[in-house]
Amino acid sequence: MTNLSMKLEILGESAKYDRCNYINTNVDNFLGKSIPGIYHATTSNGCTVPLFKVLMTNKCSNDCAYCINHNKHHFNRVEFSPEDITSIFLDYYQNRFVDGLFLSSGIYKDAEYSMENMVEVARKLRMENEYTGYIHLKILPGSPYDLIKRAVSLADRVSINLEAATPEGMDKLSTTKNFQVDILRRMKWIKRLLIRNKNFAPSGQTTQFLIGAGDENDQDILERASWLYDKMDIKRSYYSPFEAIKGTKLQYHEEPHQKRSPRLYQADHLLNSYGFELEELTFDADGNLDLEDDPKYVAAQANEEIFPVEINEASYKELLRVPGIGKISARRIIQSRKAGKSFEKLIQLNDLGVIVKRAEPFIKLNKNYQSTLKL
Ligand code: SF4
């Protein structure tokens, strides 16, 4: 194994802990050997795109308790140069193994040094190699403004991981990262830069929460996410379940229930895409979502005064509150009504994509209840 492929094995593997909806997938080359560092991202329209996802280095001066790269961990530390990453990526790209780059890094020496190396990769690809494809750059906590500006001018998307929802939550996970200054202030800079120049990072900024590493509940996390959508214009938030990795300070910490992250994604979807307010969601006495049912159904049961909804009169917003009616079927209902159609039978809704069994207890058709089920 060459020095470069050894680094690639280590740093491609380390990148998997930054999930952002990317699934590590083994891709084989023509010799049948697995190629490290290739992940598949799911786009908003459901397509999957192979990306080269890698860290510049696993050397890090920070002490994040959940992270294998924390500064007290004694293990093999390696570092790529910008030239290394550029040439590996172009090789992958030209061989059609990948369609884009996702680049992150440990914070070696300081945020400026590491961020500069990452920006240099993007610059080399864009300016020296005329690469016009997808680049996602991680913004390292504490990065200087000028480097962030250069990063957003070169990347399609940037992200800075919050991991925790509150400053107190962050203090329990890291003594070296400052939640307000190193992360939120940088998010605000990114937001302003993207508003001022529409060509900067056209796919916007995203973030990731690490679920279950600290004691923050779902309400804390979704409150922060809702605030970020509102105040920081983030495009998406990701909810990665904490994993107790050997060699980290939290290696014996309990991992979250496997349904917790999926429920957070569903609740996030209601906030970010369905126009729900945080107050419409229902949390248990500990501030957590119901693990057994989806948040929209739980919210509908808790807000029974707004049901049943008359399908022939309800607004788009009201339709979206009904379990079993999604954005596409709600739009189809409105369009059909505009075309003069009246809804009298459940089969008509079924034909528009409504999950009738789910919706039935919450709707009326021509003033008639559709289910014997009582709310
Ligand atoms: S900053 Fe924290 S999360 Fe990032 S590589 Fe360093 S120790 Fe890991």
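**Exercise 1. Work out what share of the chain's contacts with a separation of 6 or more joins residues 24 or more positions apart.**

Solution. The model is predicted. Contact here means heavy atoms within 4.5 Å. Take the contacts in the protein chain with a separation of 6 or more. Residues 24 or more positions apart account for 64% of them.

**Exercise 2. Describe the build of the chain, then judge its radius of gyration against the globule rule.**

Solution. Start with secondary structure: the protein chain has 13 helices and 13 strands. Its radius of gyration is 23 Å. The globule rule gives 21 Å for 375 residues. The two values are close, so the chain is as compact as a globular protein of that length. Next, take the extent: the C-alpha trace spans about 70 × 45 × 45 Å along its principal axes. Last, burial: 53% of the 375 residues are buried, with under 20% relative accessible area as the cut-off.

**Exercise 3. Find the cavities of 30 Å³ or more, and characterise the second largest.**

Solution. Count: the structure holds 4 such cavities. Volume: the second largest comes to about 60 Å³. Lining: Glu163, Ala164, Ala165, Gly169, Leu173, Leu210, Gly212, Ala213, Gly214, Glu216 and Ile221 surround this cavity. Sort them by class: 6 are nonpolar, 3 polar and 2 charged.

**Exercise 4. List the residues around the ligand and sort them by class.**

Solution. The list reads Cys60, Asn62, Cys64, Tyr66, Cys67, Asn69, His70, Gly106 and Lys177. Now sort this shell. It has 4 nonpolar, 4 polar and 1 charged. Cys and Tyr count as nonpolar, Lys as charged, and Gly as polar.

How values were computed:
Residues are numbered from 1 along each chain as its sequence is written. This is a predicted model: local features need pLDDT of at least 70, side-chain atom pairs count only at pLDDT 80 or more; totals for chains, interfaces and linings use all residues. Side-chain values use heavy atoms; hydrogens and water are left out. A residue is near a molecule or strand if one of its heavy atoms lies within 4 Å of it. On a 1 Å grid over the protein atoms alone, a cavity is a set of points where a 1.4 Å probe fits but cannot get out, and a pocket is an open set with protein on both sides within 12 Å along at least five of seven lines; lining residues have an atom within 4 Å of a point. Grid points are joined across faces, edges and corners, and a volume is the space filled by probe spheres set on the points. Helices (H or I, at least four residues) and strands (E, at least two) are DSSP runs, numbered from the N terminus. The radius of gyration is taken over C-alpha atoms; the globule rule is 2.2 Å times the number of residues to the power 0.38. Buried means under 20% relative accessible area, exposed over 50%, partly exposed in between (1.4 Å probe, protein chains only).
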